[in-house]
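Thank you for making time for this. Please keep the structure open while I talk, and follow along as I move from one part to the next.

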Amino acid sequence: MDFDLNEGERDALQTAHDFAERRVKGRAREIDEQNAFPSDLAAEMGRLGLFGLHMPEEYGGTALGYKAYALAIEEICGASMMVGAIIAINALAQESILRFGSDEQKRRYLPTLISGESLSTFAFTEAQTGSDPRAITTVAVPDGDSYVISGEKAFASMAPSACVAVIFAKDDTGKVSAFLVDTSLDGFRIEKELECMGLRGEDVCPVKLDGVRVPRESMLGQPGKGYSVLLTAINVGQLGIAAEAVGVARRALAMSLDYARNRMVRDKPMTDLPTTQSVLGEMAALTEAARWLTYRTADLKDKGRLSAKDASIAKLFASQAANDVVDMAMQVHGSYGYTKELEIERLYRDVKVTQLYEVVSEVHRLIIGASLARES
Ligand SMILES: Cc1cc2nc3c(=O)[nH]c(=O)nc-3n(C[C@H](O)[C@H](O)[C@H](O)COP(=O)(O)OP(=O)(O)OC[C@H]3O[C@@H](n4cnc5c(N)ncnc54)[C@H](O)[C@@H]3O)c2cc1C
């Protein structure tokens with residue numbers, strides 16, 4: 001495998017880097033404090049092509065691939081995990097439509113999701129279905145040329161800004177199907193935003209579907225095959241989350257190094273202390289391992305060989321590594337890191353969710369282990 005970036009990937013990285021430095025870094029604190037979705041930054045990311053790095057040119061993407069997608073997320077998450085995560089959230093619907101949509105659905109939705117003129121949400125989780133997909137209770141009842149969808153989704157990121165939602169519901173096959181639901185339809189109700197500890201500004205809301213009538217053509221993929229849509233989409237989402245984790249870990253390491261170089265302990269920089277060097281060494285090793293594992297996973301997706309096991313390994317490891325690295329960064333910063341004066345406490349709150357959303361770490365371990373057990 002060639003780890004050198006090609007010209008297109010280098011350009012994508014540079015674009016993401018410039019955007020993160022120029023537009024995101026200075027806004028990260030305000031977004032967190034105000035818990036406000038940065039619509040202007042999302043629109044700008046669209047204009048810069050950051051939603052289309054992995055999308056085909058015929059729909060307005062640049063077809064650079066999933067490595068470019070991961071690099072962009074990592075770079076922006078170094079400035080604000082919330083802003084970088086927008087790319088990965090939008091990618092869930094994009095991937096669903098690209099892999100399972102009809103030509104009409106692709107033409108209708110992909111160009112604007114790629115240009116940033118519209119955004120999407122992806123609502124699977126319900127009160128009883130975080131890790132147990134069989135417990136889904138939302139239903140899609142056929143009625144003439146339509147399906148009527150009813151149920152409640154517990155978490156839907158970016159729902160208030162989204163024009164379209166991917167909704168999972170049990171239909172008359174008795175199995176789960178995926179539907180593309182325009183959020184302006186009657187009965188699509190976005191409930192009050194959840195107050196989250198981190199990733200603030202992501203606009204995570206419960207969504208009620210109160211008899212939402214959608215045309216039959218709104219089904220995404222085949223009847224009863226919603227889990228294929230879900231798994232394909234979340235593998236790309238999980239790759240994005242691994243990249244989010246790497247971006248945060250890199251930032252925590254850089255901040256710790258900078259702090260330790262400038263903090264004097266008994267008239268010497270903290271970096272002279274063997275214990276500090278040891279912590280920095282551990283942080284660097286974890287970060288680099290997570291980083292290259294994430295690139296390798298993106299490379300597998302580019303080559304059409306990404307499995308659920310690979311996506312789980314990357315997300316499980318990168319999220320654990322990033323949580324450990326941020327914890328060590330907090331220790332390096334001492335009590336100052338615990339205050340809101342410094343950024344470490346935001347990183348600490350943000351990074352936790354990488355172990356929770358799009359499959360909890362415990363279930364990732366089971367997916368990996370079960371897959372190994374099946375392999376001959
Ligand atoms: C900020 C944020 C944004 C989100 N955005 C979205 C979104 O846009 N769309 C969406 O659909 N969802 C979203 N979610 C929901 C998220 O993906 C789910 O909450 C997640 O899948 C975990 O499900 P749960 O909370 O029900 O945990 P549970 O399944 O209840 O798990 C809780 C704990 O139980 C244990 N556990 C559960 N199952 C097993 C098992 N099989 N084996 C061993 N242990 C187990 C584990 O210790 C686990 O940590 C979001 C969540 C957050 C916090």
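Let me begin with the contact between two of the domains, where 24 residues of domain 1 touch 25 residues of domain 3. I should say at once that this is a predicted model, and everything that follows should be heard with that in mind. On the side of domain 1 that touches domain 3, the elements that give two or more residues are α4 and α5, and of these α5 gives the most, with twelve residues. If you sort the residues on that side of domain 1 by class, you find 14 nonpolar, four polar and six charged. The centres of the two domains, taken over C-alpha atoms, are separated by 21 Å. To place this along the chain, the domain assignment gives domain 1 as residues 7-119, domain 2 as 121-223 and domain 3 as 227-374.

Now let us stay with those two helices and ask at what angle α4 and α5 pack against each other. Helix α4, which covers residues 66-77, and helix α5, which covers residues 81-100, pack at an angle of about 155 degrees, and their axes are 6 Å apart. Because of that angle, α4 is roughly antiparallel to α5; the cut-off for using that word is an angle over 145 degrees. Their crossing is left-handed. On the α4 side the residues that meet the partner are Tyr69, Ala72, Ile73, Ile76 and Cys77, while α5 brings Met81, Val83, Gly84, Ile87, Ala88 and Ala91. By class, this contact of α4 with α5 has ten nonpolar residues, one polar residue and no charged ones.

Helix α5 also has a partner in α6, residues 103-115, and here the axes come within 10 Å and cross at roughly 155 degrees. The two helices, α5 and α6, are therefore roughly antiparallel to each other, and the crossing of α5 and α6 is left-handed. The contact is made by Asn90, Ala93, Gln94, Ile97 and Leu98 of α5, together with Gln105, Lys106, Tyr109, Leu110 and Leu113 of α6. Those residues divide into six nonpolar, three polar and one charged.

For a further helix pair, please look at α7, residues 226-262, and α11, residues 344-351, whose axes come within 11 Å and cross at roughly 155 degrees. The helices α7 and α11 are therefore roughly antiparallel to each other, with a left-handed crossing. In this contact, Ala245, Val248, Arg251, Ala252 and Met255 of α7 meet Ile344, Leu347, Asp350 and Val351 of α11. Sorted by class, the contact of α7 with α11 has seven nonpolar residues, no polar ones and two charged ones.

Finally, I would like to turn to the ligand. Which residues come nearest to the ligand, out of the 22 around it? They are Thr125, Gly130, Ser131, Phe155 and Ser157. The elements that give two or more residues to this shell are β1 (119-123), β3 (146-156) and α12 (361-374), and α12 gives the most, with three residues. As for class, the shell around the ligand divides into 15 nonpolar, four polar and three charged residues. If you ask which domains are involved, the shell draws at least three residues from each of domain 2 and domain 3.

How values were computed: Residues are numbered from 1 along each chain as its sequence is written. This is a predicted model: local features need pLDDT of at least 70, side-chain atom pairs count only at pLDDT 80 or more; totals for chains, interfaces and linings use all residues. Axes are lines fitted to C-alpha atoms, for helices over the stretch in contact, and angles run from 0 to 180 degrees between N-to-C directions. Helices (H or I, at least four residues) and strands (E, at least two) are DSSP runs, numbered from the N terminus. Angles under 35 degrees count as roughly parallel, over 145 as roughly antiparallel, 65 to 115 as roughly perpendicular and the rest as oblique. A crossing is left-handed if the near helix is turned anticlockwise from the far one by less than a right angle, and right-handed if clockwise. Two residues are in contact if their C-beta atoms, placed from the backbone, lie within 7 Å. Ala, Val, Leu, Ile, Met, Phe, Trp, Tyr, Cys and Pro count as nonpolar, Asp, Glu, Lys and Arg as charged, and the others, Gly among them, as polar. A residue is near a molecule or strand if its C-beta atom, placed from the backbone, lies within 6 Å of it. Domain bounds come from an automatic or database domain assignment.
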